[in-house]
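These are my notebook entries on aromatic rings and nonpolar side chains. I set down each item as I looked it up.

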Amino acid sequence: MVRQLGELENAIMTRVWQWNRPVTVREVLLDLREERDIAYTTAMTVLDKLYRKGWLRRERAGRAYRYEPVSSREAYTAALMNDAWATSDNPAAALVHFFGLMSAEQREALRDALRVAGPDRTGETEDGPTR
């Protein structure tokens, strides 16, 4: 089960995902300080916790570490959605409610994603079973 990131964890991971390169604590700290007052040790602790939880990998760069994500934000989002869906006693009804909450743009993105994903693994297509 994927645990949802906390508020500061999410703020840090958002930067790491957006920058899409190895980052130092100092880089993250300087960017975070544009929004909030935060100590170097706090940023360092959160990056270390994200590393220990498996969200980041790190490599030594002199006396510091450079951190980079283990997976994409999209993979994280998909895992959260899958976990939420798995908690339902009626997954079909949960999907119907979820689709009802979606905007027109989100429904179009879903249609696009289904086209990209192609036929499912059971041998069925949108037109029915394959032969």
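**Aromatic rings and the nonpolar core**

I began with the rings, noting that the model is predicted. Ring pairs join Trp-17, Trp-55 and Tyr-76 into a cluster.

I then searched the whole structure and found four aromatic pairs. For Phe-98 and Phe-99, I recorded ring centres 6.3 Å apart and planes at 50°. The pair is therefore tilted, because stacked requires planes under 30 degrees apart and edge-to-face requires over 60.

Are these two residues buried or exposed? I noted a relative accessibility of 38% for Phe-98, which counts as partly exposed. Phe-99 is also partly exposed, with a relative accessible area of 34%. Both terms follow from the limits, because buried means under 20% and exposed means over 50%.

Next I looked up charges over rings. The charged end of Arg-58 sits over the ring of Tyr-51, at 3.9 Å from its centre. Likewise, the charged end of Arg-60 sits over the ring of Tyr-65, at 4.4 Å from its centre.

I turned last to the largest nonpolar core, which has 21 residues. Which of them touch the most other members? I listed Leu-5, Ile-12, Met-13, Leu-32, Leu-47, Leu-50 and Leu-56. Helix H1 (7-19), helix H2 (25-32) and helix H3 (40-52) are the elements that give two or more residues to this core. The largest share, six residues, comes from H1.

I followed Met-13 further. Leaving aside residues up to four places away in sequence, Met-13 touches Leu-5, Leu-50, Trp-55, Leu-56 and Pro-69. Trp-55, one of these contacts, also belongs to the ring cluster with Trp-17 and Tyr-76.

Methods: Residues numbered from 1 in each chain as written. Predicted model: local features only at pLDDT ≥ 70, side-chain atom pairs only at ≥ 80, totals over all residues. Heavy atoms only, no water. Phe/Tyr/Trp six-rings, centres within 6.5 Å; stacked < 30°, edge-to-face > 60°. Buried < 20%, exposed > 50% of the residue type's maximum accessible area, 1.4 Å probe, protein only. Lys NZ or Arg CZ within 6 Å of the ring centre and 35° of its normal. Core = buried A, V, L, I, M, F, W, Y, C linked by side-chain atoms within 4.5 Å. Helix = DSSP H or I, 4+ residues; strand = E, 2+ residues; numbered from the N terminus. Contact = heavy atoms within 4.5 Å.
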